[in-house]
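Me: I would like a close look at one part of this model. Please take the sheet and the helices around it, and walk me through how they fit together.

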Amino acid sequence: MLSVIIERLGPARYILGLLFLLNIRAFPLAWHVRVLWPYFAFHIQYWLHGLSLIYTSTLARQAATQAWWDSRSPIGKSPFDLVLKYTDWSSPDVCDYNLHLSNSCYAKTLDTVRMKWVLAFVSQVFRVDGVLPVGATSFLFMREIPMLRRFEVRCSVVTWGEKWLYLVAKFVTTSRKVTPRTEETAPVSSPDTPYDSDADLQRKIPDKLSEEPDGAVVHCVSISQVCFKIGRITVPPALVLALSGCSDGNYTRPNPPPGYLAAQKAVAEGQAKDLLKGGWKCVPKSERWWEGSFGEDIEKTRAERLSVMEDIRLGMQRANAY
C-alpha cells in the first residue's frame, strides 16, 4: 500500500523525502530520544555490568560494582574542572526565517547538554534515586549562529550554594580562525552602550564572555539554576559533588579524597540514601566531611561567584512584581 502511494506521487516523492530528512530531528518523540536515551543507555550499561557478575562472589561483585562507579566519577577533580563539550549543528529544522539558529532551540539543545553533564560527572546521584530539576535558565544572546553551521556547547560549574548549583553553558564556534586574546588586547567593557556590528560587540562585551581562551567565538551564554532532589527532599550540591569524588584537585583515582571514601562507606553500609534524604541535617557542622572536601581556594572562588549568581536569581524573582 505504501509503495503504491509513493509511486503515485511521482517526482514529488523526492521533494517530500528531502523535507523528511531535513526535518527528521523535529519529528514527534525526537526530543525525548535525544534527551532521555543517554539516561537509559547509562542504566542499561549498569544492568549489563551487574548481569556479568551474576556468578561471582559477593565480595568480588561489590568490588567490581564500586570500580564501575569509580570509572564514571571525576575522582580528585575540582568542581570547576567538570566541563562537558557537546557538538551539534544548526540544521534547517531548528533555524528561523532569518536562517539562523532559533532562540528557542538554544534551550532545546541545553536539555540534552544538562543530561549529558549529569551523567558524565555526578551520575552517582542516580545510585540513590536522585534527580536534577531545573529552577531557572537565563540566556545572553551575543551573535547569531548561521544555518548549517557546526557549533559546540561547553557546560561547566560556575558555583553552588546550600540549595542551588549554577551551570554555565557557552555556545561557541571554532571553525573560524580567531587569535586568542591576551590581557593586553582585551576589549573594554561598556555594557550601557548599544552595539551596531560585530566589531562594536567585540569592544563592549567583556573578554571572558566574547571569546574562549582557545579562540573560540562565543555566540550565547546561558546560566542554569539547578538542584538535586530525592523525591521532594533537596540535597546540598556540596554533598553530591563529594559523593562523586570532587575535591581540591590534589587527589587521584588510586588516591581518592577523604570525602569520597566517607561517601562510599555510607553507600556500602546502606546509609547514603538516608543521608541525602535529610539525614545530613543531623550531622554536626564539625563532622560534615562534604563541606571540607574542596579546599580554601575553591571555597573562596565559590563564595565570590555565588554572590553574582544570587544577584541574577534575585533579580529574576523581583521581576515577578511586574
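Reply: Start with helix α11. In this predicted model, α11 lies across β2, β3, β4 and β5. It runs at about 105° to β3.

One residue of α11 deserves a closer look. The helix spans residues 295–318, and R302 sits within it. R302 is buried, because its relative accessible area is 13% and the cut-off for buried is under 20%. Its side chain makes a polar contact of 2.6 Å with the side chain of E299. Leaving aside residues up to four places away in sequence, R302 touches F80, T159, W160 and G161. Of these, T159 and W160 fall within the range of β3, residues 150–160.

Now the sheet itself. It is open and has five strands. Their order is β1-β3-β4-β5-β2, and the pairing is antiparallel. The edges are held by β1 (84–89) and β2 (134–141). Each has a single partner strand, so one side of each is left without a neighbour in the sheet. On average, neighbouring strands are turned by 20° against each other, direction ignored.

Next, one pair inside the sheet. Strands β4 (residues 165–173) and β5 (residues 217–226) run antiparallel and are joined by nine bridges. L165 has V226 in β5 as its bridge partner.

Another helix packs on this sheet. Helix α5, residues 103–121, touches β1, β2, β3, β4 and β5. The direction of α5 makes about 145° with that of β1.

Last, helix α9, which shows a clear split between buried and exposed residues. The helix covers residues 258–268, and its buried residues are G259, Y260, A263, Q264 and A266. They cover an arc of only 155° around the axis, which puts them on the same side of α9. The general rule helps here. An α-helix has 3.6 residues a turn, so residues three or four places apart point the same way. The face of α9 turned away from the buried side carries P258, K265 and A268, which are exposed.

What covers the buried residues of α9? Among the elements that do so are α4 (58–71), α8 (237–243) and α10 (272–276). After α9 comes G270, with a positive phi near 75°.

To recap: α11 lies across four named strands, β2, β3, β4 and β5, and α5 touches β1 along with those strands. R302 is buried in the model. In α9, the buried residues share one side of the helix.

How values were computed. Residues numbered from 1 in each chain as written. Predicted model: local features only at pLDDT ≥ 70, side-chain atom pairs only at ≥ 80, totals over all residues. Heavy atoms only, no water. Helix = DSSP H or I, 4+ residues; strand = E, 2+ residues; numbered from the N terminus. Buried < 20%, exposed > 50% of the residue type's maximum accessible area, 1.4 Å probe, protein only. Polar contact = N/O pair within 3.5 Å; in protein donor to acceptor, adjacent residues only side chain to side chain. Contact = heavy atoms within 4.5 Å. Arc of directions from axis to C-beta. Pairing = 2+ DSSP bridges. Axes fitted to C-alpha atoms, helices over the stretch in contact; angles between N-to-C directions.
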